[in-house]
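This report describes selected side-chain contacts and surface patches. The sequence and the structure come next.

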Amino acid sequence: MAEAVSPQPQERKRSMSQEDSEKVVKKSKADSPNATLNSSNLQSEFSSIINQLNEDRESDQVIMDDMKTRYEDLCAKQMELLNDKLQTAYKESEDPVNQRIEILNSKFDTIRQLEDDIDQFKNMLGKLHNDLSELE
């Protein structure tokens, strides 16, 4: 009934692993074999790591927004299907319910008619009793 939404085929890294950071340090050493690690080199590497983390976070946010949109669309479709089924059920049960309402209304009309007839009979019986009482 409900469809499962599979994650995007893209796989995202949440943060750089120990190996990745070692590669960055090795890369910087390989780029300048005679250079020593100084604060400006470290700051540059640190900045690139932070930039990569920020890019990963932005990418993660895009993925989360996409998932949210897909789940909202799926939920809207399911609600529409549920509403359609509910309306169909109402339409299918409408005729039998209306027929029963008509039968009940007809019976109520008959009951009202009988009540009126009984009231008339009681009034006539009361007048007859009064007339007989006067004759005696």
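Asp117 belongs to helix α2, which covers residues 39-135. The model is a predicted one. With a relative accessible area of 36%, Asp117 is partly exposed. On the surface, Asp117 joins Glu115, Asp116 and Asp119 in a patch of negative charge. Membership in such a patch calls for over 30% relative accessible area and no salt bridge; the 36% of Asp117 satisfies the area condition.

**Nonpolar patch**

A second surface patch is nonpolar and has an area of about 550 Å². Its members are Phe121, Leu125, Leu128, Leu132 and Leu135. Leu128 is located in helix α2 and is partly exposed, its relative accessible area being 46%.

**Salt bridges**

Two salt bridges are counted in the model. One of them links Asp66 with Arg70, with 3.5 Å between the closest N and O atoms. Both of these residues are in helix α2, where four residues, about one turn of the helix, lie between their positions in the numbering. The other pairs the side chains of Asp109 and Arg112 at an N to O distance of 2.7 Å. Asp109 and Arg112 are three residues apart in helix α2, so about one helical turn separates them.

The accessibility of the four residues that form these bridges is listed below.

| Residue | Relative accessible area | Class |
|---|---|---|
| Asp66 | 29% | partly exposed |
| Arg70 | 25% | partly exposed |
| Asp109 | 47% | partly exposed |
| Arg112 | 45% | partly exposed |

The class "partly exposed" applies because a value must be under 20% to count as buried and over 50% to count as exposed. Arg70, at 25%, is therefore not classed as buried, and Asp109, at 47%, is therefore not classed as exposed.

**The loop before helix α2**

Which part of the structure holds Asn38? Asn38 sits in the loop between α1 (18-31) and α2. Its relative accessible area is 35%, and Asn38 is partly exposed. The side chain of Asn38 takes part in two kinds of pairing. With the side chain of Ser40, Asn38 makes a polar contact through its own side chain at 2.9 Å. In addition, a polar atom of the Asn38 side chain is 2.9 Å from the backbone nitrogen of Asn41. The residue range of helix α2, 39-135, includes the positions of both partners, Ser40 and Asn41.

Key
Residues are numbered from 1 along each chain as its sequence is written. This is a predicted model: local features need pLDDT of at least 70, side-chain atom pairs count only at pLDDT 80 or more; totals for chains, interfaces and linings use all residues. Side-chain values use heavy atoms; hydrogens and water are left out. Patches are made of residues with over 30% relative accessible area and no salt bridge: like charges are joined within 9 Å, nonpolar side chains (Val, Leu, Ile, Met, Phe, Trp, Tyr) within 5 Å. Accessible areas come from the Shrake-Rupley method with a 1.4 Å probe; for residues, only the protein chains shown count as cover. A salt bridge is a side-chain nitrogen of Lys or Arg within 4 Å of a carboxyl oxygen of Asp or Glu. Lys and Arg count as positive and Asp and Glu as negative; His and the chain ends are not counted. The place of a charge is taken as NZ of Lys, CZ of Arg, CG of Asp or CD of Glu. Helices (H or I, at least four residues) and strands (E, at least two) are DSSP runs, numbered from the N terminus. Buried means under 20% relative accessible area, exposed over 50%, partly exposed in between (1.4 Å probe, protein chains only). A polar contact is a pair of N or O atoms within 3.5 Å; within protein, one must be able to donate a hydrogen and the other to accept it, and residues adjacent in sequence count only if both atoms are side-chain atoms.
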